[in-house]
Amino acid sequence: AQRQAYAGQLVIGPNQAVGQYLERWLADAVRHSVRPKTYMDYDLCVRRLLPHLGRVRLRTLTPEHIQHALGKLLERGLAPRTVRQVHMVLRLSLKQAVLWRMLPSNPSDAVKPPRADRKEMRTLSEDEVRQLLAVTAGMRHHSLWVFLVTTGVRLGEALGLKWSDIDFVESRASIRRSL
């Protein structure tokens, strides 16, 4: 144990760095409890935080550290919505640290994430849809584009369809999963 401690491989309690804790949290608490895509999103958020908070000791982490890190992410050009997601992932991870009794309270609770801008979704006009279908005619995924523009399902929902989800007699598709 002493050799591991000197080599930096032994982490005991809240004296570990935030970066070490976040990697452990991803491996122990997240990897097997969420979908793979969610895990990848959380991992990306953690990687975005590491340059700013990775070396800070977990027990000395303050709301000021976190607010500063979120500000740096905004300065780096990340969208406010992305920075909100990073904050949400950090907040979840620190909530687990409180449950594991590594922290007395969650410092991210006192941090105000940036307000996310709401942008109006731009949909294709009728002419643009006709042009899209004309351009993709004869291509491998043409039927997918027809299905998407005529039903309004999301791409992931359409890609998650199986033959058993389609009722050709009733001309119906049942959305049961997303890819």
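H3 passes H4 in a right-handed crossing. This is a predicted model. The axes of helix H3 (residues 36–53) and helix H4 (residues 63–75) come within 10 Å. They cross at roughly 115°. Further along the chain lie two pockets, with volumes of about 400 Å³ and about 290 Å³. H7 gives the most to the lining of the largest pocket, and the largest share of the lining of the second largest pocket also comes from H7.

**Contact of H3 with H4**

- Two packed helices are described by the angle between their axes and the distance between the axes.
- From H3, the contact takes in Arg48, Leu49, His52 and Leu53.
- Their partners in H4 are His65, Ile66, Ala69, Lys72 and Leu73.
- By class, the residues of this contact are five nonpolar, two polar and two charged.

**Buried residues of H2**

- Helix H2 spans residues 18–30.
- Val18, Gly19, Tyr21 and Leu22 are among its buried residues.
- Trp25, Leu26 and Val30 of H2 are buried too.
- The buried residues of H2 pack against H3 and against helix H5 (80–99).
- H3 therefore appears in two settings here: it meets H4 within the 4.5 Å contact cut-off, and the buried residues of H2 pack against it.

**Largest pocket**

- Rolling a probe the size of a water molecule over the atoms shows where empty space is left.
- The largest pocket has a volume of about 400 Å³.
- It is lined by 14 residues.
- Closest to its centre are Phe147, Ala158, Leu161, Trp163 and Ile166.
- Two helices, H7 (142–151) and H8 (155–159), each supply at least two lining residues.
- Strand E1 (166–167) and strand E2 (172–173) each do so as well.
- H7 gives the most, with three residues.
- The lining divides into nine nonpolar, two polar and three charged residues.

**Second largest pocket**

- About 290 Å³ of space lies in the second largest pocket.
- Its lining includes Met121, Arg122, Thr123 and Leu124.
- Val129, Leu132, Trp145, Leu148 and Val149 also line this pocket.
- Gly152, Val153 and Arg154 belong to the lining as well.
- Helix H6 (126–136) and H7 are the elements that give two or more residues to this lining.
- The largest share, three residues, comes from H7.
- By class, the lining has eight nonpolar, two polar and two charged residues.

How values were computed. Residues are numbered from 1 along each chain as its sequence is written. This is a predicted model: local features need pLDDT of at least 70, side-chain atom pairs count only at pLDDT 80 or more; totals for chains, interfaces and linings use all residues. Side-chain values use heavy atoms; hydrogens and water are left out. Axes are lines fitted to C-alpha atoms, for helices over the stretch in contact, and angles run from 0 to 180 degrees between N-to-C directions. Helices (H or I, at least four residues) and strands (E, at least two) are DSSP runs, numbered from the N terminus. A crossing is left-handed if the near helix is turned anticlockwise from the far one by less than a right angle, and right-handed if clockwise. Ala, Val, Leu, Ile, Met, Phe, Trp, Tyr, Cys and Pro count as nonpolar, Asp, Glu, Lys and Arg as charged, and the others, Gly among them, as polar. On a 1 Å grid over the protein atoms alone, a cavity is a set of points where a 1.4 Å probe fits but cannot get out, and a pocket is an open set with protein on both sides within 12 Å along at least five of seven lines; lining residues have an atom within 4 Å of a point. Grid points are joined across faces, edges and corners, and a volume is the space filled by probe spheres set on the points. Buried means under 20% relative accessible area, exposed over 50%, partly exposed in between (1.4 Å probe, protein chains only).
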